[in-house]
Structures are given as structure tokens and as C-alpha cells.
Amino acid sequence: MTDQEWIDRFRSDFNFSHNSEDQQLIKSIQTSRAAIKRMTGVDDDTNPEFVELVINRVRYEYNEQLEFFEQNFESALIGLSFEYNQEGETTTDDNSSIE
């Protein structure tokens, strides 16, 4: 998604109509994408769960409530991380042994 698509999504989800804060929103979106990637390992803007988490983190930051985001979205963060790690899991060699 482009920066404008992210902003449009944020505006649509939260009835946010003015554009005077677009530069701040872009910065917040970029920071939120990096934070969600750090927490889950996912950076895929085609994944609806990832997009939802990014948008909600931006909302929390915008409303100066960021300290509550991880606690309130813990289950979604863990679920996305688990889903990603299950899909990206590699098989180990059955002939390997632990000594």
C-alpha cells in the first residue's frame, strides 16, 4: 500500500476528514508498521490482520494512548505472529541428533 492508501484507510475507518495532519500520519504509519513487524515478524500489507493492527496502533498513537496498545491487542499480535511462524516454518533434517 502506498502512503496515500494507508491514509485513506485510516480516514475511512475512523471518519477522519481533514488532511492537515497527513505528514504526521505518514510518520505514524511507518513507525507502526515497523513496530508490528518487530512484535510479530510480519510486514505484509496484503494481510488484513496486519493492516488492522497498524491502523489501530496509529489510532492509539494519535489519541496519545499508545502505552495501552500492546496490552489491548496482545491476542491479535500473538495470533498474527503464530500464523506467520507456522507458515514460514522450515522442516529439520530427521537424521540430525542432539547430544
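## A tour from the core outward

Begin with the largest nonpolar core of this predicted model, which has 22 residues. Select Trp 6, Ile 36, Phe 50, Leu 53 and Phe 69. These five have the most contacts inside the core.

Next, show the helices around them. Helix H1 (3–14), helix H2 (22–40), helix H3 (48–62) and helix H5 (74–87) each bring at least two residues to this core. Colour H3 separately: with seven residues, H3 gives the most.

Now zoom in on Trp 6. Which residues does Trp 6 touch, leaving aside those up to four places away in sequence? Select Met 1, Ile 29, Arg 33 and Asp 45. Then add Phe 50, Val 51, Val 54 and Ile 55 to complete the set.

Move on to Glu 64. Look for Glu 64 in the loop between H3 and helix H4 (69–72). Is Glu 64 buried or exposed? Glu 64 counts as exposed because its relative accessibility is 65%, above the 50% cut-off. Check the backbone here too. Glu 64 is not a glycine, yet its phi is positive, at about 55 degrees. Most residues other than glycine have a negative phi.

Finally, colour the model by pLDDT. The protein has a mean of 86, and 88% of its residues reach 70 or more. Among the elements, H4 has the highest mean pLDDT, 97. H1 has the lowest, 89. Last stop: select residues 90–99. Over this stretch the pLDDT is below 50. Beyond near neighbours in sequence, residues 90–99 have zero contacts in the model.

Terms used
Residues numbered from 1 in each chain as written. Predicted model: local features only at pLDDT ≥ 70, side-chain atom pairs only at ≥ 80, totals over all residues. Heavy atoms only, no water. Core = buried A, V, L, I, M, F, W, Y, C linked by side-chain atoms within 4.5 Å. Buried < 20%, exposed > 50% of the residue type's maximum accessible area, 1.4 Å probe, protein only. Helix = DSSP H or I, 4+ residues; strand = E, 2+ residues; numbered from the N terminus. Contact = heavy atoms within 4.5 Å. pLDDT = per-residue confidence, 0-100.
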